[in-house]
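Colleague: I am new to this one. Please take me through the nonpolar core in detail.

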Amino acid sequence: MAMGLLAMAALAADPAVMMSKRRAADVEVSADPGAAQWKKAPRVVTTTGRFGEEVPGARTEIRSFWTAGHLYFLFISKYDSLYLKPDPGTAKETWGLWEYDVVEVFLGHDYKNINLYKEFEVSPQNEWVDLDVDHAAKGKPVDWLWNSNFTFKSRVDKEAKIWYCEMRIPWASLDPGKPAVGREYRLNL
């Protein structure tokens, strides 16, 4: 999905808007699209690469919902082959992870300052990085030591050639305000 909006509401007619529906309770991450919380979750589908180019055979479905405490995303990605880091490490975050296959969420809450956003990446091998980005900051525009306390799970079905990844991101790490129906955020997936 190209840069668009994440809207906390019921329906979206604009393809550049991804909806996210409120649920009452938090759940554990499972990376299972058949789980009850994901069956009726709003979704978008993308078939493009990182520069917006069509990628034949590539298709990623992204679903989302939110609770008072967290914002959730589920990625369902078809693949022909995976480009993986040869020496994966999951105990701490991985700088440069974006050089390999990852799913990513870029989310900004401040419409007046588009240089501010949070970035979350997870690989098929459960490597991860979360970044606090301020491109206008002098000296340190990307804080990679920042910790959002997000949780995630990746799972690869090698027979079906589908990679699943679920993210649960605490609202406290995204926005100083409270989530609410009708609220909108800048989003890139």
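Modeller: Here is the setting, followed by the core itself. This is a predicted model, where local features need pLDDT of at least 70, side-chain atom pairs count only at pLDDT 80 or more, and totals for chains, interfaces and linings use all residues. Residues are numbered from 1 along each chain as its sequence is written, and side-chain values use heavy atoms, with hydrogens and water left out.

The chain holds 2 helices and 13 strands (DSSP runs, H or I of at least four residues for helices, E of at least two for strands, numbered from the N terminus). Of its 189 residues, 45% are buried, meaning under 20% relative accessible area with a 1.4 Å probe, protein chains only.

Now the core. A nonpolar core is a set of buried Ala, Val, Leu, Ile, Met, Phe, Trp, Tyr and Cys residues joined through side-chain atoms within 4.5 Å. The largest one has 26 residues. Phe73, Phe75, Val105, Met167 and Leu189 touch the most other members. Several elements each supply at least two residues, among them β5 (59-66), β6 (70-78), β7 (103-108) and α2 (171-174). β12 gives the most, with 4 residues.

Look closely at Met167. Leaving out residues up to four places away in sequence, Met167 touches Val29, Leu71, Tyr72, Phe73, Phe75 and Val103, among others. Its partners also include Val105, Phe120, Val122 and Phe150. Contact here means heavy atoms within 4.5 Å.

A second, separate core has 11 residues, including Val27, Ala41, Tyr72 and Tyr164. In soluble globular proteins, nonpolar side chains tend to be buried together.

How values were computed: Buried means under 20% relative accessible area, exposed over 50%, partly exposed in between (1.4 Å probe, protein chains only).
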